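Let's take a walk through this model together, one piece at a time. Have the sequence and the viewer open as you read.

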Amino acid sequence: MKKLNLKNIFITGLFVLIPIIVTIWVIKTLLSVVNNLILPYLEEMGVPTPHIPGLGILVTLSIIFVLGLLAQNYLGKRVLEYFESLISKIPVAGSVYNATKQTMETLFSKKENFSKVALVRFPHQDTFALGFIANELKICDEFYYIVFVPAAINPTSGFAIMVKKEDIIITDLTVEEAMRTIVSGGLVIKKHIKLLKDNQAPAGEVSANGD
């Protein structure tokens, strides 16, 4: 009879349990945020809101659905355009609204999503950071990439930096692979990364173990 290795069994169970717990926690947190997204404002406006579990989620989803319907017909588009023109005239609110709207359109547009993962010298010349190429522009006859360098563990924050095109090193990492590396703080990484200089011939290969 094969002897049971209690340590290996425990570690295996831990690896199974932790992703489940984290997934449940994230879903629960998101549902809680959505549930409390609209109801508190309705209560402040004096609208009677019975305390039924999940009511906030249903109300929020209903509002999203109605706004989606409005935005897809002629009359609704005109109403939203008029609303946007009013908000744009308000100094701070207009800037926040336009920036948020443009960000949402970019995130959900397949043509404008992050498409390349690059290495950039950040935060100083002696280190490299993983970054996502967001856009490109021309400054004084020189071409630059706008690169988003996300913060480890929390990729929703980070830095948007402008780097000369010739200083960018494109990698063969996919956005998903790079994101897993960043979220894990570097614990999860592709074992071999091919480097390409500005999408030209491969400039080399780097191993995760430093070989």
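**A loop, some strands and a pocket**

Start with Pro 123, which sits in the loop between strand 1 and strand 2. Keep in mind that this is a predicted model. The peptide bond leading from Phe 122 into Pro 123 is cis, and its omega is near 5°.

Now look at what that loop connects. Strand 1 (residues 117–121) and strand 2 (residues 128–139) run antiparallel and are joined by five bridges. Together, strand 1 and strand 2 make a hairpin with six residues between them. If you want a handhold for the register, take Val 117: its bridge partner in strand 2 is Phe 132.

Move on along the chain to the next turn. Strand 2 pairs with strand 3 (residues 142–150), again in the antiparallel sense, over seven bridges. Here Lys 138 faces Phe 143 of strand 3. This hairpin has two residues between its strands, and Cys 140 takes a positive phi near 50° in it. Cys 140 belongs to the loop between strand 2 and strand 3, and it has that positive phi although it isn't a glycine.

One more pairing is worth tracing. Strand 3 also pairs with strand 4 (residues 158–164), in the antiparallel sense and over seven bridges. To line up strand 3 with strand 4, find Val 149, which stands opposite Phe 159. While you are turning the strands around, remember a general point: in a regular strand the side chains alternate between the two faces of the sheet.

Let's go back to the helices. Two packed helices are described by the angle between their axes and the distance between the axes. For helix 1 (residues 6–44) and helix 2 (residues 55–71), the axes come within 7 Å and cross at roughly 80°. An angle of 65 to 115 degrees counts as roughly perpendicular, so that is how helix 1 and helix 2 lie to each other. Helix 1 brings Leu 31, Val 34, Asn 35, Leu 37, Ile 38, Leu 39 and Leu 42 to the contact, and helix 2 brings Leu 55, Gly 56, Ile 57, Val 59, Thr 60 and Ile 63. Sorted by class, the residues of this contact are 10 nonpolar, three polar and no charged.

Finally, the empty space. Rolling a probe the size of a water molecule over the atoms shows where such space is left. The largest pocket has a volume of about 660 Å³. Which residues lie nearest the centre of the largest pocket? They are Leu 67, Gly 68, Leu 80, Glu 84 and Tyr 97, out of 21 residues in the lining. Helix 1, helix 2, helix 3 (74–88) and helix 4 (91–107) each supply at least two lining residues, and helix 2 gives the largest share, with seven. In class terms, the lining of the largest pocket has 14 nonpolar, four polar and three charged residues.

Technical notes: Residues are numbered from 1 along each chain as its sequence is written. This is a predicted model: local features need pLDDT of at least 70, side-chain atom pairs count only at pLDDT 80 or more; totals for chains, interfaces and linings use all residues. Side-chain values use heavy atoms; hydrogens and water are left out. Axes are lines fitted to C-alpha atoms, for helices over the stretch in contact, and angles run from 0 to 180 degrees between N-to-C directions. Helices (H or I, at least four residues) and strands (E, at least two) are DSSP runs, numbered from the N terminus. Angles under 35 degrees count as roughly parallel, over 145 as roughly antiparallel, 65 to 115 as roughly perpendicular and the rest as oblique. Contact means heavy atoms within 4.5 Å. Ala, Val, Leu, Ile, Met, Phe, Trp, Tyr, Cys and Pro count as nonpolar, Asp, Glu, Lys and Arg as charged, and the others, Gly among them, as polar. Two strands pair if DSSP finds at least two bridges between them. On a 1 Å grid over the protein atoms alone, a cavity is a set of points where a 1.4 Å probe fits but cannot get out, and a pocket is an open set with protein on both sides within 12 Å along at least five of seven lines; lining residues have an atom within 4 Å of a point. Grid points are joined across faces, edges and corners, and a volume is the space filled by probe spheres set on the points.
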